[in-house]
Amino acid sequence: MIVDDILRTPGAVRDAERWTAHNYHPLPVVISSAEGAWLTDVDGKRYLDCLAGYSALNFGHRHPQLIAAAHAQLDRLTLTSRAFIHDQFADFCRELAELCGKDLVLPMNTGAEAVETGIKVARKWGYQVKGVPAGQANIVVAEGNFHGRTTTIVSFSTDEDARADFGPYTPGFTVVPYGDLDALTAAIDENTVAVLLEPIQGEQGVVVPPEGYLPGVRQVCTERNVLFIADEIQSGLGRTGATFACDHEGVVPDMYLLGKALGGGIVPVSAVAANADVLGVLKPGQHGSTFGGNPLACAVAVEVVRLLATGEFQRRSAELGERLRAGLEGLVGKGLVGVRVRGLWAGLDIDPTLMSGREACERLAARGVLAKDTHGSTIRLAPPLVITEEEIDLAVAALAEVLAG
Ligand SMILES: Cc1ncc(COP(=O)(O)O)c(C=O)c1O
């Protein structure tokens, strides 16, 4: 029999809480290894990963092709800075640009940096190409957005936890209701340089805008000479059953912001992809990052792009997503009050009179399934795209048990 005082988890949780800032509220599990869709904790308990590092692990833990690329690169060259060119750089940029159907790529590290890059590029484009008067550029964003945690990005967050007490805030953003094309159109003026949107709002609970919204945004941006920036950091790279969430409505933005899964769950890699008339506004010294586009990152990320170029992961996500949808929709009225599914990405609204999202995730963890609440009684499922049908059934069955009490 295993008794509590010989388990390693409680002490490891205590240590983590003692020595770190409490900017997260993690579930009390301490992971020590992983493979594919499965995690193992310090006490040997196994969990099915239904979060996948907020979609940073779309290809599962330790995908052999990605691990091999990382190992090979570690043995040759890890960092040069952008002061020099390295031999992994061009292939990564070219293959990612081709996957995006764009001329150029600008590599960074974290998602927030990609967003910051997009904002800077859009402003410079506005002044230099569109002719906006100096200091007057504005960008239209949506309520309920999540684009990262920098001071500029939280300036236009509508989540008080993310924003409060971090001012003074960066000006130049107009917030409109998500999914409301009329409001967005009305917010655009002659100084608007960009519309920045998540094609599906992940942190908000996998909120899918009404059909026609994204094509409408595309059209109004084209008509008003405004850049459409799609933050596909969480929604992109296979998660929704297509390479990009914008693909579902045949929409091509002017700029893709990418991150998370681009690093294969191994290294932080983000990127902006756009055409030369947009990204070409940046000149040496105007933007950069010591680690952005480093050899290790490029060696892993180019393999990510190659995995995506096969289409296999997008197909899996679309097909298995239908199984997930069927399973979850069967729970509506049995503890769930709402379900939104796109590919292997689901937002679930639990009946708030039953339990909070946090409680549901704790109970799921006790049954060997790891997921994360987004807010209130909403949780998000985003398993690695390598998950099997049986594993999806297992996750749905665990959820059914939790909801049944
Ligand atoms: C849509 C979106 N944009 C940007 C970010 C920020 O990415 P990072 O945490 O890597 O800075 C996230 C992270 O969750 C995200 O979901």
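In the predicted model, Asp373 of strand β14 has Ile379 of strand β15 as its bridge partner. The two strands, β14 and β15 (residues 378–381), pair in the antiparallel sense, and three bridges connect them. Both belong to an open sheet of four strands with antiparallel pairing, arranged in the order β11-β12-β15-β14. At the edges of this sheet lie β11 (336–341) and β14 (372–375), each of which pairs on one side only. From one strand to the next, the twist averages 30°.

Two helices are associated with these strands. Helix α12 packs on the sheet and touches β11, β12 (346–350) and β15. The direction of α12 makes about 170° with that of β11. Helix α13, comprising residues 357–366, lies across β12, β14 and β15, and the angle between α13 and β14 is about 175°.

Within α12, which spans residues 312–329, is found Arg316. Because its relative accessible area is 26%, Arg316 is classed as partly exposed. When neighbours within four places in sequence are set aside, the contacts of Arg316 are Gly321, Leu344, Leu385, Val386, Ile387 and Thr388. With respect to Thr80, Arg316 is separated by 236 residues in sequence, and the C-alpha atoms of the two residues are 37 Å apart in space.

A further open sheet consists of four strands in the order β1-β2-β3-β13, and its pairing is mixed. The edge positions are taken by β1 (31–35) and β13 (369–370), and each of these strands pairs on one side only. Strand β3, formed by residues 46–49, runs parallel to β13 and is joined to it by two bridges. In this pairing, Leu48 stands opposite Val369 of β13.

Strand β5, residues 138–142, is mostly covered, with five of its five residues buried. The side chains are divided between two directions: Asn138, Val140 and Ala142 point one way from the strand, while Ile139 and Val141 point the other way. Residues on both sides of β5 are buried. The strand has parallel pairings with β6 and with β7. To strand β6 (residues 173–176), β5 is joined by four bridges, and the bridge partner of Val141 in β6 is Val175. With strand β7 (residues 192–197), β5 pairs over three bridges, likewise in the parallel sense. There, Ile139 has Ala194 of β7 as its bridge partner.

The analysis of open space concerned the second largest pocket. This pocket contains about 480 Å³ of space. Its lining is made up of 21 residues, and those nearest the centre are Arg82, Phe89, Val105, Leu106 and Pro107. Helix α4 (89–100) and strand β4 (104–108) each supply at least two residues of the lining. The greatest contribution is made by β4, which provides five residues. By residue class, the lining of the second largest pocket comprises eleven nonpolar, six polar and four charged residues.

Conventions:
Residues numbered from 1 in each chain as written. Predicted model: local features only at pLDDT ≥ 70, side-chain atom pairs only at ≥ 80, totals over all residues. Heavy atoms only, no water. Buried < 20%, exposed > 50% of the residue type's maximum accessible area, 1.4 Å probe, protein only. Contact = heavy atoms within 4.5 Å. Pairing = 2+ DSSP bridges. 1 Å grid on protein atoms, 1.4 Å probe; cavity = no way out; pocket = protein on both sides within 12 Å on 5 of 7 lines; lining within 4 Å. Points joined across faces, edges and corners; volume = space filled by probe spheres on them. Nonpolar A, V, L, I, M, F, W, Y, C, P; charged D, E, K, R; others polar. Axes fitted to C-alpha atoms, helices over the stretch in contact; angles between N-to-C directions.
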